[in-house]
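User: Got a structure I'd like to talk through. Can you pull it up and start with the surface?

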Amino acid sequence: MFVLLLFCLFCTYQCTEGVSEWTSEDGRTVVRLRNPFGVLSKFTGRVEICVDGLCGSICDHNFSRQSANVVCKMLGSPRAKRTSCCSRFGRPPLVGSPSTSGTRFWLDAVRCKGDEDDIFQCTHLPLGRARATCTADTTVGVACRKMWASQRRIDVRLHCPEESTNCSACPSFPTSSQIGAMGFVQVFLKETRRWHYVSAERWGDNEELSVLCGQLGFPAGLSIPSASDLLGCDPSTNSTCGGERFQREAYTVTMRDVDCEMNHSQFQQCSHYGFKLRINPSRKVATALCGYTIKQFSQSHIRLRASAVPNRGRLEVYHDGEWGTVCGDGFTVENANVVCRSLGFGTAENFHIANPTGRWGFDKVWLENVKCIGNETTIESCKHSNWTVKSSRCRDHSHDVIVSCFTPQRDACHQTVRLSTEPDPLTSTVASDPPPTVDFLEVNVGGKWGRVCAKSVSVSHARLVCKGLTQKFLSAIIVRRLPQGDDTPRFQGTFMCANNEENIDDCELQFTESHCREVAVVSCTEDLPDLVPSKKHLVDSIKKYPMISKRTVQSLSCEIEEGCISNETISHNPLSVRQLLKFTVFSYNFGLVDAKPFANEQEWDYHTCHSHYHSVEEFAIYDLLNLSGERVTESLKASFCLMDTSCIESFGQTRKYSCSPQTPKSVRQTNQGITKGCGDAYGRSTPCQWLDVTNVPDGVYTLLITVNPNNGILELDYENNQLSCAISLKSKDNSDRRTKLINCLRRGYN
C-alpha cells in the first residue's frame with residue numbers, strides 16, 4: 001500500500017510537471033522519455049521511439065554524450081546532463097518482431113556530432129535493424145538539464161536603486177574609461193508587467209556576462225561587482241540597505257541558474273529554470289559591469305553602411321585598397337556577433353540579406369562562405385573564401401549581408417529631448433479613424449516639457465533628433481501653427497552641439513519659455529534612395545573611346561542652350577575647334593525607395609535640345625583637377641531628366657520612369673525618377689557629357705564626378721556619390737590627343 005502511494009505521488013508529480021516529446025513533420029514518428037516506472041517523463045528516462053504507433057528503444061552501442069545532447073535538444077532542453085546504458089532508466093516492455101530478443105529497437109550504433117537537429121540525422125544502422133547483441137538490458141537512457149530557453153524576446157536592463165553610491169546604469173561611451181554601465185540585472189515579465197531582479201544563484205560565468213552585456217550594446221562583460229560595491233552596504237545583513245523599495249523588490253527573483261553560451265547573441269537564448277518568482281530572503285541578485293576593452297568605433301577595416309546609425313547597415317570590408325561587401329550565403333549569427341563586437345557594439349540583434357529589402361552594394365564583393373566560431377576578434381580571422389567569390393548569385397550584390405548590432409540605450413538616462421506623437425492640429429477638423437498624428441519636437445527645461453518653436457530648429461539638429469531618438473533619417477521639418485487657446489508650454493532657444501554627438505541629448509540646451517504659435521514637427525524615415533555613380537560605365541566609356549573629340553563652336557548649339565559652354569568660349573570664332581573629353585555617367589539607385597525629383601513640377605525647365613523637361617537642375621557636377629587639387633577647367637553642372645535607363649535583373653525591378661519627347665505645350669511629364677534597383681544613364685554622346693580640355697596642357701589629372709552634389713535628394717549615404725579617376729592627356733602627331741585611364745576610385749570609399 002505504501003509503495004502504491006509513493007507511485008501515485010510520483011505519477012502525480014510527473015503529470016503536473018508536463019511532458020515533452022518530439023514529433024516528425026509527417027506525424028509518423030515520436031521521440032520521448034519514460035522513467036523507470038514506465039511513466040512519460042519530461043527530463044529523465046529511457047529514450048522511446050514510436051513509429052506508426054509501434055514503440056521501441058535505442059540500443060546503447062556507441063551511444064555518446066553528443067548523441068544524448070541531440071535527444072535533449074529535440075525535447076526542448078539545452079543539453080544532456082548525463083547518458084546511461086544498460087537499461088538503468090528501466091527495461092522496455094517485451095514485444096515480438098522486429099527484434100528476436102523480445103525487445104523492439106528502432107536505432108542502433110548511433111553516432112552524432114552534436115549539431116544535428118534530430119537523432120535520425122546522425123549515422124546509425126537501418127531503422128529497425130539492431131544487432132543481435134541488443135537486449136532489454138542495453139537500452140539507452142538520458143538525463144536532460146531541467147532548464148529551457150525562452151522562445152519570446154526578453155527585455156533586460158541594468159538598474160540602480162535610488163539609494164546606491166557607486167551604481168551607474170546610464171551608459172557612457174568609449175573614452176579614457178573602459179566602463180560603460182554597471183548595476184543590478186533586471187528582466188521585464190509580461191505576466192506581471194513589471195521589472196524583476198534576476199537570481200544570483202550560479203550567476204557569474206563569463207558566458208552569461210558576455211551575452212547580457214552584448215544585448216545591452218557593449219562589446220565586453222568586464223566583471224560582476226558585489227552588491228556592497230554598488231550600494232555601499234550589504235543587503236544580506238542590513239535590512240535597510242538599498243532603500244525600502246530595493247528591499248521589497250529584491251525579496252523575489254526570477255530566472256534561476258541562467259546558463260549562456262558564447263555563441264548566443266541575446267539573453268532569451270540562454271537556458272534557465274523559468275520565470276517563476278522565488279523567495280530571496282538574502283536579497284542577493286545578479287549584477288554586471290559592462291564596457292569596452294578598447295575604443296573600437298573607428299575600426300578601419302570593417303563598417304556598416306547605408307543607415308542613419310553606425311550600428312546597422314550593409315556590411316563592408318576593406319581589402320587591397322578598396323571597400324567591398326560580404327555575400328550572405330552561409331552567414332550565421334556567430335559571424336554577425338564577431339562583426340558587431342569588432343566595431344565596438346554589443347552582439348548582433350539580427351542580420352538579413354539585402355535582396356529584396358534594398359541597401360544593395362556595388363563594386364567589389366570580397367567574401368563569401370564566412371564561418372566564424374564566435375570568439376574571433378575580426379571577421380578576417382574567420383574561415384572564408386580567401387577574398388574571391390565564385391558563386392554567381394553573390395557577384396551581383398543581391399545577397400549582400402545587412403547586420404544590425406545592439407548598442408547602448410539611453411532609457412536609464414535623464415532625457416531632455418523627445419518626440420511626442422499627438423493629433424495633427426492641421427487636420428483636427430477632418431474625421432478619420434484613426435486620426436492623423438505628427439511628432440512634435442519637445443524639450444525638458446527645469447523639469448517641464450514643452451514644444452520647440454519652429455525657428456529654433458535647424459536641419460542639422462533635426463537630423464540628430466532622428467538619428468538619436470529613432471535611429472532613422474530625417475525626412476522633413478514641418479511647421480505647425482497651434483490653434484488659438486492651445487496653452488501647451490513652448491520654448492525657444494538653441495541646441496549647443498559640437499557636431500560629433502550621436503544623440504541630441506548630448507547637446508547643451510539653452511531654451512526659455514515662449515509664446516510662439518509655430519512649433520516644429522520632425523518627420524523621420526528609414527526609406528530613402530541611395531544614388532551611386534557606376535564606376536564600370538565610366539571606366540568602360542573612357543577605355544573604349546580614348547580619343548579626345550573635336551567640335552566647332554557653331555556645332556555646339558545644344559550645349560550653348562544648356563549652358564554648358566562659358567561665355568568666353570561662345571565669343572570665340574564660331575569655326576574655332578574645341579577639344580572635348582567625353583564620358584558616360586550612369587547613376588544607380590541602390591536605396592530602399594525610388595529617387596524622385598526634389599523640385600516642384602512647376603519649377604522644371606523645358607529643354608528644346610533634349611525635347612523634355614529637366615526635373616533636377618544640378619544632378620551632377622564634373623571637374624578636372626591637377627595634381628594640386630586645383631580646377632583646370634570650368635566645372636560643368638549637368639541637369640537631368642530622371643528616368644530608368646535599365647534595371648538590374650536579379651533585383652527583380654522593372655523600368656517605371658521615362659523621359660519621352662515632349663513640347664512645352666504638351667502635358668508636363670510627371671513620371672520622372674529612378675526606381676530602386678534601376679539606373680539613369682547619360683551617355684558620352686549626350687550633349688554636355690564632356691569637359692572642355694582645349695586649353696589644358698598634357699599631363700596627369702583627376703576626373704571628378706559628383707552626383708547629387710548639393711544633397712538636394714535625401715539619401716541613405718552621401719559618401720558613395722563621387723568617382724575620382726586618375727587620367728593622363730597626351731598629344732600625338734601634333735593633332736590628335738588621347739586620354740588614358742590610370743585608376744578609378746570611389747572617393748570617400750577608399
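Analyst: Sure. The accessible surface of the protein is about 35100 Å², and 49% of that belongs to carbon and sulfur atoms. Those areas come from the Shrake-Rupley method with a 1.4 Å probe. Keep in mind that this is a predicted model: local features need pLDDT of at least 70, side-chain atom pairs count only at pLDDT 80 or more, and totals for chains, interfaces and linings use all residues. Residues are numbered from 1 along each chain as its sequence is written, and side-chain values use heavy atoms, with hydrogens and water left out.

User: OK, what percentage of the residues count as buried?

Analyst: 52% of the 750 residues, where buried means under 20% relative accessible area, exposed over 50%, and partly exposed in between (1.4 Å probe, protein chains only).

User: Switching to rings: how many aromatic pairs are there?

Analyst: The whole structure has 14. Rings of Phe, Tyr and Trp (its six-membered ring) pair if their centres lie within 6.5 Å; planes under 30 degrees apart are stacked, over 60 edge-to-face, the rest tilted. One of them is F188 with W195, edge-to-face at 5.5 Å centre to centre and 65 degrees between the planes.

User: Is F188 buried or partly exposed? And W195?

Analyst: F188 is partly exposed at 31% relative accessible area, and W195 is partly exposed too, at 27%. Another edge-to-face pair is W366 and W387, 6.1 Å centre to centre with 85 degrees between the planes.

User: How accessible are W366 and W387?

Analyst: W366 is buried at 7% relative accessibility, and W387 is buried at 19%.
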